[in-house]
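Welcome! Open your viewer, and let's take a walk through this structure together, one selection at a time.

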Amino acid sequence: MAIFAKMSDEQAFKDWLNSIDVNGDGLISQKELRVALQALGQNFTHWKSWRAIRLADLNRNNFIDGDVEVKELMSYAGKLGIAATAAGARK
Ligand SMILES: [Ca+2]
């Protein structure tokens with residue numbers, strides 16, 4: 001079973017994204033992702049955040065924005081094992 005397959009998990013992931021959106025503009029930048037990955041204890045955060053943007057930023061505006069891109073990011077996070085960690089970190 002895929003991590004974050006359920007609606008509630010998707011909401012948890014979105015809540016997590018909101019929490020890492022430091023400047024509150026509703027867009028997730030590579031820098032914000034990198035800081036979040038570091039906070040989760042991930043290694044190779046520069047590479048992973050770069051790759052996450054490359055994979056999930058479908059409209060190529062250099063930010064993760066919109067439901068479709070969030071789902072792509074969620075899929076990548078799941079591969080890194082981040083999704084579960086993020087849900088666990090949820091307040
Ligand atoms: Ca985008």
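Which pattern does the protein follow when read along the sequence? Colour by secondary structure and trace the chain from its start: the pattern is α-α-α-α-α. In total there are five helices and zero strands. Keep in mind as you look around that this is a predicted model.

**Stop one: the whole chain**

Show all 91 residues, of which 24% are buried. Now think about contacts between residues with a separation of 6 or more: 44% of them join residues 24 or more positions apart.

**Stop two: an annotated stretch**

Next, select residues 8-43. The UniProt record, an unreviewed entry, annotates this stretch as "domain: EF-hand". In the model, the stretch is 64% helix and 0% strand. If you place a distance marker between its end C-alpha atoms, you will find them 28 Å apart.

**Stop three: H2 against H3**

Now select residues 30-39, which form helix H2, and residues 45-56, which form helix H3. How do these two helices meet? Their axes come within 9 Å and cross at roughly 135 degrees. An angle of that kind falls between the perpendicular range, 65 to 115 degrees, and the roughly antiparallel one, over 145, so H2 is oblique to H3. The crossing is right-handed.

Turn on side chains for the residues that make this contact:

- from H2, pick Gln 30, Leu 33, Arg 34, Leu 37 and Gln 38;
- from H3, pick Thr 45, His 46, Lys 48, Ser 49, Trp 50, Ala 52 and Ile 53.

Try colouring these residues by type. The contact of H2 with H3 holds five nonpolar, five polar and two charged residues.

**Stop four: H3 against H4**

Keep H3 on screen and add helix H4, residues 67-80. The axes of H3 and H4 come within 9 Å and cross at roughly 140 degrees. The two helices are therefore oblique to each other, and H3 passes H4 in a right-handed crossing.

Which residues of H3 and H4 make the contact? Select these:

- on the H3 side, Lys 48, Ala 52, Leu 55 and Ala 56;
- on the H4 side, Glu 69, Glu 72, Leu 73, Tyr 76 and Leu 80.

Colour by type once again: the contact of H3 with H4 divides into six nonpolar, no polar and three charged residues.

**Last stop: shared residues**

Finally, leave just Lys 48 and Ala 52 of H3 highlighted. Both take part in the contact with H2, and both also take part in the contact with H4.

Definitions and conventions
Residues are numbered from 1 along each chain as its sequence is written. This is a predicted model: local features need pLDDT of at least 70, side-chain atom pairs count only at pLDDT 80 or more; totals for chains, interfaces and linings use all residues. Axes are lines fitted to C-alpha atoms, for helices over the stretch in contact, and angles run from 0 to 180 degrees between N-to-C directions. Helices (H or I, at least four residues) and strands (E, at least two) are DSSP runs, numbered from the N terminus. Angles under 35 degrees count as roughly parallel, over 145 as roughly antiparallel, 65 to 115 as roughly perpendicular and the rest as oblique. A crossing is left-handed if the near helix is turned anticlockwise from the far one by less than a right angle, and right-handed if clockwise. Two residues are in contact if their C-beta atoms, placed from the backbone, lie within 7 Å. Ala, Val, Leu, Ile, Met, Phe, Trp, Tyr, Cys and Pro count as nonpolar, Asp, Glu, Lys and Arg as charged, and the others, Gly among them, as polar. A residue is buried if 20 or more other C-beta atoms lie within 10 Å of its own, exposed if 12 or fewer, and partly exposed in between; C-beta atoms are placed from the backbone. UniProt positions are given in the numbering used here, feature names are shortened, and annotations may be inferred rather than shown by experiment.
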